[in-house]
Structure formats: C-alpha cells, structure tokens
Amino acid sequence: MSKSKKITIISSIVASVLIVLVLGTVFDLQISKALADLPNGQYYTSNLFAIIGECFGEDVLYLLVISSCAILFFYILKNPFQKKWQNYLLQGIVLFISYIVSIYLFYVTLDNFVPYVSGISDYIHSAIGIITIFLFPIFITATTYFLISKIKPETIKQLWKWALLVIIVAFVSNSIIQIAKHIFDRTRFRAMVFSGDNEFSFFTNWFTINQHKFSSNSFYADDFFKSFPSGHTCAAASTFVLVLLPYYIQNINTKKNKIIFWSVASIYTFLVALSRIVAGAHFFTDVYIAFLITVACVYVTYIVINIVCKKLESKFATAGETSNNNSQPNTENISNNTEAPKTKISENLDKVNTHNKEENKSQNKPKKVEKSDMNSKTNNSNKSDKTTNIN
C-alpha cells in the first residue's frame, strides 16, 4: 500500500469519527428520547434486551482478563526463568489476579440483578451469599485454567504478548472511564426521568466538566451522575483485542478469520452500547466516546508492546553475541603465538646446521690434503725403488 493511500484512509477514518461525534453531540437528547424504554417515575427499565445488556454486558472483559492470566501462567510454566523463585512469584501473581477478577465478575453480575430480581440483595449480604462469592470464583478460575491448559505450548508461546495486551487494555481503559465519570458528573437520562424532570433541564453536553447536580434522597442517587462515559460499552469494546489474534497466531492469520473477529467485536459492542441507551443509562455520546477510548487503548498498547519487545529482543540478542564472542578463544592470536616460537626454533636449527656444515667442510679439506701427501710419498717411494733397481 502506498503512502498516499494510507494517508487517505487515515484521513477518511478521522473525518468519519469527528462527523459522528458532532452529530451525536447535536442530537444526543433526541436519540435517548427515541430509544429509551423507560416509563416516567422508574429508574430501571423492564425491557429484556436492556436488562441482559446491563447484567452481562461487562462480563466478557473479566473473562478475557482471567483467560489472559491463565495464558501467562502456562507460558511461564513452559518457559521458566533460571531462578525458580521468580517462576513461583510470577505464577502466584497471575493466579491471584485471576481469582480476584473472578470474585469481582461474580459479584458484579449478582449486583446487576438486584434491581430486577427480588431477594438478590439480601442473598449477597447473607453468610451463604458471602461464602458463595468467595467459593464460586474458584470454579470459574479452575475451569478457565483447565481450558487454557489444552492449548498447544507453541500457541501459548505466541499468545503471551496478546495476553499482556489484554490485561493492560483492561486496566488502562477502565481507569480512564472511572476517572472521567467523577470529573464530568454527567446526569443520566433515567435519573431525569425518575426525578420527574420532563423538560430535561439537567441535561448537559458530554464535554461539560463538574456539572450541576440536583439533590435527591433516592436510593439510586449515587448512580445519578455517572453517565459519561459508559463503563459497559468500554468493557464490551475490549473484545476488539480479538481482532489482533491473527497477528499473533500464524495458523489463524487469514482474511476469513480477521473478518470473523472484526464482526464479533463490532456486533457485540454495538448491541451492548444500544442496550445502554435503551435502558436510559447513557446517551449516545457516552457510549460512542467510551468505544473510542477503548479502541484507542487497544491500538496504542499494541504498538507500545511491539516497540518494547523488539528493543528488548535486540538488546538480549546483542548481549548474547557479546557473551559468545567472549567465551570463544581467539584462534588467530593462538595460531600467531604458536607459530612464533616455531619460527625461532627453526632459525636456531638452521644456524646450527649451517655451522656444522661449515665445520664438516673445514674438516674434509685437510683430509684431502693428507691424501695428496700420501700419494706424493708413495710416488717418491716408488721412484726410489726404481733407482735402486737400476743400480
């Protein structure tokens, strides 16, 4: 893809996001009036679709976090550190996080049923309810870990970065949402309906900070001013981490699987967001901006993890090469050192040999002279013999 085409696509996406945000801001109240299924004087809806969204809309986030902790647990188990205490410590931490999140998941689900099922509130605060809240999460955690243990070790090794991404996204996005709720204090649509504000005089835009609160003695007063942004939509939009799975697991990196993950995340997030508007719990901009915050967290976390992991991998690779070079002997120096004494010895031997040769030559010359003297002597003797014979 060319650079100009990428710029065009990014510009189109940004423009579309801004256009939707502007239209949502203008027609925020009208959208809630048209979609909210909430009779006057009631704080909670009787719409089944809205009830399901309110009770179970956040659960997927907690299940993703528990599953991610299980992936990290088995990754450490299959790829242990050198020191055992580090393995035990990290495995204990992720197991503890899994259990705590399981408790919160079970408690929040029960608490969401309180307005719709009588007796749930009394059960939660009873001794049996408290015991159940602490025991049933053990079953949730154990079941999740059992299912994750069936995944192949090769796949677990590919998934650990994705699991870390899920945990970071869940923590960061929810922290942003909860902080924003207390900063903006936007009044819920159903709070105005419940209090009889038929003119919706307490309605304000999403960008107004520290909004005016009206006093109320209602049991639901603490929940009146938590409209912006939507926590349920944030939790539902965390399913967009599934879109990144094909980039971590090569076996499923196909166009078909990418379409499936995009479709599942988009449809689920849309349904939960719509259910929150129907319930009167949020305005359109509440769910829309919560969606944008979560998707942005997913994208930024994905980039940051890739950059950090690449730097760490290159750092460890460089350190490994340095240690290997230090551990390997310098063969060039050894060969040079071994050759040096050999050449000195050979030079000394050559000197000795030449000296011996010279001595041998000097010794041989007199021997030749002696032979000539002997010959001359023999000749002289022969001559003397001849003379005697003549005489």
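This is a guided tour of a predicted model, going from the whole fold to its cores, its surface and its salt bridges.

**Before selecting anything**

Residues are numbered from 1 along each chain as its sequence is written, and side-chain values use heavy atoms, with hydrogens and water left out. Because the model is predicted, local features need pLDDT of at least 70 and side-chain atom pairs count only at pLDDT 80 or more, while totals for chains, interfaces and linings use all residues.

**The whole protein**

Begin with a cartoon view, in which the protein has 14 helices and zero strands; here helices (H or I, at least four residues) and strands (E, at least two) are DSSP runs, numbered from the N terminus. Of the 391 residues, 36% are buried, where buried means under 20% relative accessible area, exposed means over 50%, and partly exposed lies in between (1.4 Å probe, protein chains only). Among the contacts (heavy atoms within 4.5 Å) with a separation of 6 or more, 82% are between residues 24 or more positions apart. The protein exposes about 24100 Å², and carbon and sulfur atoms supply 64% of that area, with accessible areas coming from the Shrake-Rupley method with a 1.4 Å probe and, for residues, only the protein chains shown counting as cover.

**The cores**

Next, select Leu 64, Ile 71, Tyr 145, Trp 162, Leu 165, Val 241 and Leu 245, which have the most contacts inside the largest nonpolar core, a group of 49 residues. A nonpolar core is a set of buried Ala, Val, Leu, Ile, Met, Phe, Trp, Tyr and Cys residues joined through side-chain atoms within 4.5 Å. Several helices each supply at least two residues of this core, including α4 (59–78), α5 (84–113), α7 (127–149), α8 (153–184) and α13 (284–327), and α4 gives the most, with twelve residues.

Staying in this core, centre the view on Tyr 145, which touches Ile 66, Cys 69, Ala 70, Phe 73, Phe 74, Val 94, Leu 95 and Ser 98, not counting residues up to four places away in sequence. Apart from this core lies another one, of nine residues, among them Leu 29, Val 193, Phe 200 and Phe 203.

**A nonpolar patch on the surface**

Now turn to the surface and select Phe 81, Trp 85, Leu 89, Leu 90, Ile 93, Phe 96, Ile 97 and Ile 100, which form a nonpolar patch with about 760 Å² of accessible area together. Patches are made of residues with over 30% relative accessible area and no salt bridge, like charges being joined within 9 Å and nonpolar side chains (Val, Leu, Ile, Met, Phe, Trp, Tyr) within 5 Å. Within the patch, Leu 89 sits in helix α5 and counts as partly exposed because its relative accessibility is 45%.

**Salt bridges**

The whole structure holds six salt bridges, each being a side-chain nitrogen of Lys or Arg within 4 Å of a carboxyl oxygen of Asp or Glu. Select Asp 28 and Arg 186, whose side chains meet in one of them at 2.9 Å, N to O. The two residues lie 158 residues apart, with Asp 28 in helix α2 (residues 28–35) and Arg 186 in the loop between α8 and α9 (189–194). Asp 28 is buried at a relative accessible area of 0%, and Arg 186 is buried at 1%.

Move on to Arg 276 and Glu 54, which form a salt bridge whose closest N and O atoms are 3.4 Å apart. Arg 276 lies in helix α12 (residues 255–278) and Glu 54 in helix α3 (residues 48–56), so this pair ties together parts that are 222 residues apart in sequence. Arg 276 and Glu 54 are both buried.

Then select Asp 223 and Arg 188, which meet in a salt bridge at 3.1 Å, N to O. Asp 223 is in the loop between α9 and α10 and Arg 188 in the loop between α8 and α9, so the pair joins parts that are 35 residues apart in sequence. Adding Arg 190 to the selection completes a network of salt bridges that links Glu 54, Arg 188, Arg 190, Asp 223 and Arg 276.

**Two last stops**

Go to Phe 49 in helix α3, which is partly exposed, with a relative accessible area of 34%. Leaving aside its neighbours within four places in sequence, Phe 49 is in contact with Leu 271, Leu 274, Ser 275 and Val 278.

Finish at Thr 109 in helix α5, whose side chain makes a polar contact with the side chain of Asp 59 (3.1 Å). A polar contact is a pair of N or O atoms within 3.5 Å; within protein, one must be able to donate a hydrogen and the other to accept it, and residues adjacent in sequence count only if both atoms are side-chain atoms.
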